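Q: I am new to this structure and would like a close look at a single part of it. Please start from one residue and then work outwards.

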Amino acid sequence: MMNKWHFISSLIFMCCFIATRLMTGPIAEFFVLIAILFFFPAVLSFFAKEGKERTPGMLISFLMKAFPLAALCATAAFIYHSALFASGWFLYTIILALFGFTRLLKRGTFPLHELMIDGAWMYIALGGLWFWLYTADIQVMTFSPIIVLLTAIHFHYSAFFIPLFYGLLGRQREKETALYKAAGWVILLSPLMIAVGISFSRLFDTFSVMLYVIALYLYGILCIKTRFQSTGAKGLIVFSSCVLMGTIVLSLLYSTGMLIRVTYISIDQMIWFHGSINAFFVILPGLIGWLIEGPRNQLKQKEFPISRVHGRFHLLSFQKERMHEREQLGLVDSLDDLNGTTFSAERVSPVIRRFYENPMAFTLKAAVCFHWWVRPFVFLLQPVFKKIGQLYLGTSRRPYEMKGRLTTFQHPKEERENVRTWIRHNEKGEQVFFALYAHHHDATAGYMNIALPLPYSQMTAILKPFNEKEDFLLKSVCPKGSTGDEGLYLHTPFITMKLPMEESFHMKPKSDKNLTAVHQMKLFGIPFLTIHYQIDSGKSSC
C-alpha cells in the first residue's frame, strides 16, 4: 500500500505527536493525523502506480516525493499549534487539488465516476484551508475552534474518501445507471451543500444531510450488487459501506438536534464515537478493499496526432515559403480517406465530395449568429479576434461572402501529415479564420483533425464523420458508449485539455451544383454559435 519510507516516516511523526500532544490537545487532531499520515499515502501510491501504467505524470511523482515533508509540517503544526507549519500542509493540499483538476482537464467532465475521483482530490484543498485556519486561530464567522477543526476533519475524511470510493465503484461497474448517477451527484455536491447549511441555514443543513443519508444507503446497496474479482476485497468494501450506513445516522441525529434545539448527541460523543468508527471501520477497511481490488481506469488513452503550432498576439500568418498553393487542393485528397464504421464516402452526394476535395471551386456565403447569451462577450472580444485574425466572424447576421485560399502547410512544430491551411477573409479583406486541416485514423474510423492556432496555444477539433442519406455530418460528440478520439481540445505548452464544448457540421446537397451547411457550437450543451453556409459552384476570388 505504502512504500517503506512513507510508512516509517508516518509512524515516527505519529509517535512524536502522541508523546507531545495527545494528552493536552483535542482528540480530533489525532484523527486528522491518522488520515494524513496513513490513509493519504496509500491513496497516492495507488494513483502513482496507475500513472506509471499509463502516461507517467510529473505532478503525481512530485507529490509522492514531497509527502514526507508535508506530513512533517502537518504533525509539527499540531504539536506547536503553528500556522507556519500548517501552511506547508495547506500548500501540499493545493497541489493535490491541482492534480485532480489536471485529471479533469485532460479527460473532460465525464464519465461521472472519474469526476467523483477528481472532485475528491479538489476537496482536499478545502481541508487544508480549514486545517490552517484552526492552527492560525482565525475566527470564522461564529464558529468555535473545535467546529473549525471538525470541518477540517470533514474535508479530510468524508469529503475525500466517500467520493473516491464511489468513483472506484463506478470503475468496477459495467455502466453508470441512472441510480448510480443520482446518488453520485448527491455525494459529490453534499460537502458543499452541508457547509452552506451549517453556515447559513440549519433547515437546509438537515435537508442536505437527509439527501446524503439516502445517497449513502444507495452506495451500500450498489456495493452489494456490484461484482468484484476478489471476494475478500468485496467483503471489506461491503462491510465499510454497511458501517457507514449506521454512522451517517448519527450525523442526521446531530443535525436534526441542532435544528430543533434538542441534544441527541454531543460534539464530544461525535468526535469519539463517530470519528473513531469512521476512521477504523469505514475508511480503513474500504481503503484496504479497494487497494486489493485495484479497479483500473477503463477509459481509452487518447493519443491522436495533434498540432503544436501556436500563434501570438498578432495576425495569425506564417512565412510564405511554408505555404504552397496548388491548382487543385482539397481539405482531404479524397473523401474516401475518412471511411470507417460510421461513414462511407460512396453514400455522400457528389457535390459534397467535390466541395471537400476542391473547396476553392466553390463560393461560400456565411450567415453568422451568436446566440443572445454570448453576444456581450463576443462584442467585447471582437477587437482581440480582429487583431489575431482568428474567429473574427462579426456580429451581424447578414450573410457575407467568405473569400479565401487553401495551401499546403509545413512547420517545424507541425507533427501531422498532409496539412492544409485554409485562410478566409471577409468582404473587407480582413482575415477572419485561419485553420490547419488534416485527418487521421484509429482502428475503426477516420477523423477530421482541425487545428486553430491561438495566442500561445491552439484549439483542436477532432470530428467524426457520419452518413445521413446523402448528407455529410461531422460531430465532436458521438453516441453514448463511443470511445473514439472525437472532441474539442485546447493544447498549451503545459497541458492538453478536453473542452466542455461540442461542434457539428451538417452538409446537405441542394442540387448537383450547390449545397448548404449548418455549423453549430455548444458550451456545456448550450448552443452559442450557429453559422448557415450557402455553398455554390463557381470559383471564388481570393
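Which residues does Ser190 touch, not counting residues up to four places away in sequence?

A: The model is a predicted one. In it, Ser190 touches Ser208 and Tyr212, when residues up to four places away in sequence are not counted. Ser190 itself belongs to helix H8, which covers residues 178-200. Its relative accessible area is 0%, and the cut-off for a buried residue is under 20%, so Ser190 is buried. A further distance helps to place Ser190: its C-alpha atom is 9.6 Å from that of Ala215, a residue 25 places away along the chain.

From there, the view can widen to the aromatic rings. The count of aromatic pairs comes to 30. One of them joins Phe40 and Phe161. Such a pair is described by the distance of the ring centres and the angle of the planes. For Phe40 and Phe161 the centres are 5.8 Å apart and the planes stand at 70°; an angle over 60 degrees counts as edge-to-face, so this pair is edge-to-face. Phe40 is in helix H2 (residues 27-53) and Phe161 is in helix H7 (residues 158-172), so the pair ties together parts that lie 121 residues apart in sequence. Both Phe40 and Phe161 are buried.

Helices H2 and H7 come up again at a cavity. There are 2 cavities of 30 Å³ or more, and the largest holds about 60 Å³ of space. The residues that line the largest cavity are Val43, Phe46, Phe47, Leu164, Leu168, Leu287, Trp290 and Leu291. The elements that give two or more residues to this lining are H2, H7 and helix H11 (267-293).

Rings also take part in another kind of arrangement, with a charged side chain over the face. Arg424 lies over the face of Trp422, 4.1 Å from the ring centre. Likewise, the charged end of Lys475 sits over the ring of Phe466, at 5.2 Å from the centre of that ring.

Charged side chains bring the account to salt bridges, of which the structure holds 11. One of these is formed by the side chains of Glu114 and Arg103, with an N to O distance of 2.7 Å. This pair links distant parts of the chain: Glu114 is in helix H5 (residues 112-135), Arg103 is in helix H4 (residues 83-107), and the two are 11 residues apart. The relative accessibility of Glu114 is 0%, so Glu114 counts as buried. Arg103 has a relative accessibility of 13%, so Arg103 counts as buried too.

Arg103 also forms a salt bridge with Asp118, where the closest N and O atoms are 2.2 Å apart. Arg103 is in helix H4 and Asp118 is in helix H5, so this pair ties together parts that are 15 residues apart in sequence. Arg103 and Asp118 are both buried. These residues are part of a network: salt bridges link Arg103, Glu114, Asp118 and Arg171.

Another salt bridge brings together the side chains of Glu414 and Arg416, with 2.9 Å from N to O. Both Glu414 and Arg416 are buried.

To return to the starting point, Ser190 is a buried residue of helix H8, and its contacts beyond four places in sequence are with Ser208 and Tyr212.

How values were computed
Residues are numbered from 1 along each chain as its sequence is written. This is a predicted model: local features need pLDDT of at least 70, side-chain atom pairs count only at pLDDT 80 or more; totals for chains, interfaces and linings use all residues. Side-chain values use heavy atoms; hydrogens and water are left out. Helices (H or I, at least four residues) and strands (E, at least two) are DSSP runs, numbered from the N terminus. Buried means under 20% relative accessible area, exposed over 50%, partly exposed in between (1.4 Å probe, protein chains only). Contact means heavy atoms within 4.5 Å. Rings of Phe, Tyr and Trp (its six-membered ring) pair if their centres lie within 6.5 Å; planes under 30 degrees apart count as stacked, over 60 as edge-to-face and the rest as tilted. A charge sits over a ring if NZ of Lys or CZ of Arg is within 6 Å of the ring centre and within 35 degrees of the ring normal. A salt bridge is a side-chain nitrogen of Lys or Arg within 4 Å of a carboxyl oxygen of Asp or Glu. On a 1 Å grid over the protein atoms alone, a cavity is a set of points where a 1.4 Å probe fits but cannot get out, and a pocket is an open set with protein on both sides within 12 Å along at least five of seven lines; lining residues have an atom within 4 Å of a point. Grid points are joined across faces, edges and corners, and a volume is the space filled by probe spheres set on the points.
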